[in-house]
Number of protein chains: 2
Amino acid sequence: MQVSNLLFTKSAANALQSWCHEKGFESIYFLCDTNTYQYCYPVFKEISDKVIVIPSGETHKQLRMIETIIEQLVAFGAKQNHLLVNLGGGVVTDIGGFAASIYRRGMKCINVPTTLMAMADAAIGGKTGVDHQHLKNYIGTFYQAEMVLISTEFLATLPYEEFISAWAEMIKTGAILDAGLFKMIEEDALLDDILKRCAECKQSVVQMDVFDRSHRQLLNFGHTIGHAYESHYLNISRPVKHGIAVAKGMMAELEIAKTSGYLTETEATRIQSLIQTKMSVEPMTLAEWTEVKKLLWADKKNTGTDITFSLPVAIGKGKFGIKMKEEEIKI
Amino acid sequence: MQVSNLLFTKSAANALQSWCHEKGFESIYFLCDTNTYQYCYPVFKEISDKVIVIPSGETHKQLRMIETIIEQLVAFGAKQNHLLVNLGGGVVTDIGGFAASIYRRGMKCINVPTTLMAMADAAIGGKTGVDHQHLKNYIGTFYQAEMVLISTEFLATLPYEEFISAWAEMIKTGAILDAGLFKMIEEDALLDDILKRCAECKQSVVQMDVFDRSHRQLLNFGHTIGHAYESHYLNISRPVKHGIAVAKGMMAELEIAKTSGYLTETEATRIQSLIQTKMSVEPMTLAEWTEVKKLLWADKKNTGTDITFSLPVAIGKGKFGIKMKEEEIKI
């Protein structure tokens, strides 16, 4: 299966216009949330005035929003060979990709990520979907956008905390897949360069395993525990940023990698230091860990009674499908 | 892409039990409508008592039904590697296949068709979906069931009109793809033999073109006009069976094939005669044709101002993507 092309640009509007012209799309529609409609869509308004605007935020990432989008696509007379441009962060690209994948059994779409997190991770890889009540991404498809158009011009309007959060996925990708990327982050390379390397790294692992059955699971590093951490705080109505949860998850999973002998103490410490430097995140407290452990056994990434981890075995090299029993998991 | 295996059997329950045992499914769920729950599910009740029952009929083939099914899958604790068995006619296999395709980005499913139409056509090929209000199959995916298990044991409880309707798809398949199948129908071969040949023929054309971009469009013979005919009667609240609409569509499209020189008069007449013999269907009246023509230009299978047909060029051989202008279309 062909995975999405990545296109890096300094001007998304020009790049999109040329690309659409070359492909000869008869009609183009934009999907925005209320934020990206206000801050990002204006540069594209010459390309198309057919815009679908959805409320911003994860709470609207539900099946009924898909029905709303499809209603508007029908009203526009959208056809399979028309183009939907998903303009936004991970929530918009998840929702828009899913709507495109099921509208008349699949219409063309591209992602134009507007957050650092979406540029580095969420907009790439073809995982689409919505939540089912509180269950994250329980309804979705694997569906490759025609292209992911990446331009850091949109980051100017992004809140600081969104930057912090994105570092988690970039450090994760470097730590488990790409020593060069990890070093670039350590050495404070230019953000554009780090981002490009991270996006390309993600794309290449997706290319190896589109349906997330093997190698792609390396990207779950930090997410087994991170997801449980995120759920815990959601359950007590104090939601945390996904990136923060992943960082906490990585800190804990690095302890496990160390004590179980997968990773040397030196390398584990090096990754933990980078997380602390870039994100000012401390390891979770014992009280938190007690709560998180309870949720771990309900984590959707596990299929049996064991917990499955993806762990680095060296900087830039990982192992997936590591199964551990409750008593083996100590942080 | 791997398309669904076909398995023909005289006892669906035994065949399913052995197959599931061999594959080692941890959990199995059934999706039935109220009819198949009553008449067909009982033979499977030893295999699993986890059953999702939906109301029968096309009117319930909507996105909200998918949400209901997913809610029940969540309640059962269904995982991606568990099995959903879609037990029913085309509506159930369309809905169930779609639900399976989007539940946690895809869980395993098989189809056990219980109507002749579904055995010969609808349950095979991986087109899943629901309607969006009155728009047929506007929301869906291409998703291959692990297997289509075909047993004519269920036909004993099927109303006579459902048999009649299924002949349309079988004659269509023979007329445009398989001269041998066409001859078997003409010569009144055993229904089991005709069905097996038809199902295998459909499967082989799907294998050539899973996503319906080329050869598979041959299966649209009779459907360009048939779909408009069906819509017309739906609009005036006198719905007709899909098979009857397809038969009317084939009768009309054969006239077009004849006058435009694609098919000889002798062969066109031979196909028309078989439709009349098997289905007691007459060509549509001039009054009907006047209404149908208006709807043709709104038909979802067309992407420009021309109308696209798939027509036989000889018995068992067809051509797809034939574009015609309004003035060329005469019946």
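**Exercise 1. Aromatic residues**

State which residues form one aromatic cluster in chain A, then describe two aromatic pairs of this predicted model.

Solution.
Step 1. One aromatic cluster is formed by A:F30, A:Y37, A:Y41, A:F44 and A:F154. The structure is a predicted model. Over all chains, the structure has 18 aromatic pairs.

Step 2. One of these pairs is A:W19 with A:F25, whose ring centres are 5.5 Å apart, with 35° between the planes. Planes under 30 degrees apart count as stacked and those over 60 as edge-to-face, the rest being tilted, so this pair is tilted. A:W19 is buried at 11% relative accessibility, and A:F25 is buried at 17%.

Step 3. A further pair is B:F44 with B:F154, at 6.0 Å centre to centre and 25° between the planes. An angle under 30 degrees counts as stacked, so this pair is stacked.

Step 4. B:F44 sits in the loop between α2 (34-39) and β3 (51-54) of chain B, and B:F154 in the loop between β8 (147-150) and α6 (160-177) of chain B. The two residues are 110 residues apart, and the pair links distant parts of the chain. Their relative accessible areas are 0% for B:F44 and 5% for B:F154. Buried means under 20%, so B:F44 is buried, and B:F154 is buried too.

**Exercise 2. Salt bridges**

For three salt bridges in chain B, give the N to O distance and the place of each partner.

Solution.
Step 1. The count is 36 salt bridges over all chains. In one of them, the side chains of B:K108 and B:E146 meet at 3.8 Å, N to O. B:K108 belongs to strand β5 (residues 108-113) of chain B, while B:E146 is in the loop between β7 (135-139) and β8 of chain B, 38 residues apart. B:K108 is partly exposed at 31%, and B:E146 is partly exposed at 29%.

Step 2. B:R197 and B:D178 form a salt bridge with the closest N and O atoms 2.8 Å apart. B:R197 is in helix α8 (residues 191-208) of chain B and B:D178 in the loop between α6 and α7 (179-186) of chain B, so the pair ties together parts that are 19 residues apart in sequence. B:R197 is partly exposed at 34%, whereas B:D178 is buried at 11%.

Step 3. B:E291 and B:K294 form a salt bridge with the closest N and O atoms 3.3 Å apart. They are separated by about one helical turn because they are 3 residues apart in helix α12 (residues 286-296) of chain B. B:E291 is partly exposed at 30%, and B:K294 is exposed at 56%.

**Exercise 3. The interface**

Describe the contact between chain A and chain B by its residues, buried area and polar contacts.

Solution.
Step 1. Chain A gives 28 residues to the contact and chain B gives 27 residues.

Step 2. Between them the chains bury about 2,700 Å², with 56% of it on carbon and sulfur atoms. On the side of chain A, A:R104, A:R105 and A:Y138 lose the most area to chain B, together 28% of what that side buries.

Step 3. The rule finds 0 salt bridges across this interface, but 8 residue pairs in polar contact.

Step 4. The elements giving two or more residues to the side of chain A are α3 (63-76), α4 (90-102) and β7 (135-139) of chain A. The most come from α3(A), with 5 residues. By class, this side has 10 nonpolar, 10 polar and 8 charged residues.

Key
Residues are numbered from 1 along each chain as its sequence is written. Chains are lettered from A and ligands numbered from 1 in the order in which they are written. This is a predicted model: local features need pLDDT of at least 70, side-chain atom pairs count only at pLDDT 80 or more; totals for chains, interfaces and linings use all residues. Side-chain values use heavy atoms; hydrogens and water are left out. Contact means heavy atoms within 4.5 Å. Buried area is the accessible area (1.4 Å probe) that two parts lose on being put together, summed over both. A salt bridge is a side-chain nitrogen of Lys or Arg within 4 Å of a carboxyl oxygen of Asp or Glu. A polar contact is a pair of N or O atoms within 3.5 Å; within protein, one must be able to donate a hydrogen and the other to accept it, and residues adjacent in sequence count only if both atoms are side-chain atoms. Helices (H or I, at least four residues) and strands (E, at least two) are DSSP runs, numbered from the N terminus. Ala, Val, Leu, Ile, Met, Phe, Trp, Tyr, Cys and Pro count as nonpolar, Asp, Glu, Lys and Arg as charged, and the others, Gly among them, as polar. Rings of Phe, Tyr and Trp (its six-membered ring) pair if their centres lie within 6.5 Å; planes under 30 degrees apart count as stacked, over 60 as edge-to-face and the rest as tilted. Buried means under 20% relative accessible area, exposed over 50%, partly exposed in between (1.4 Å probe, protein chains only).
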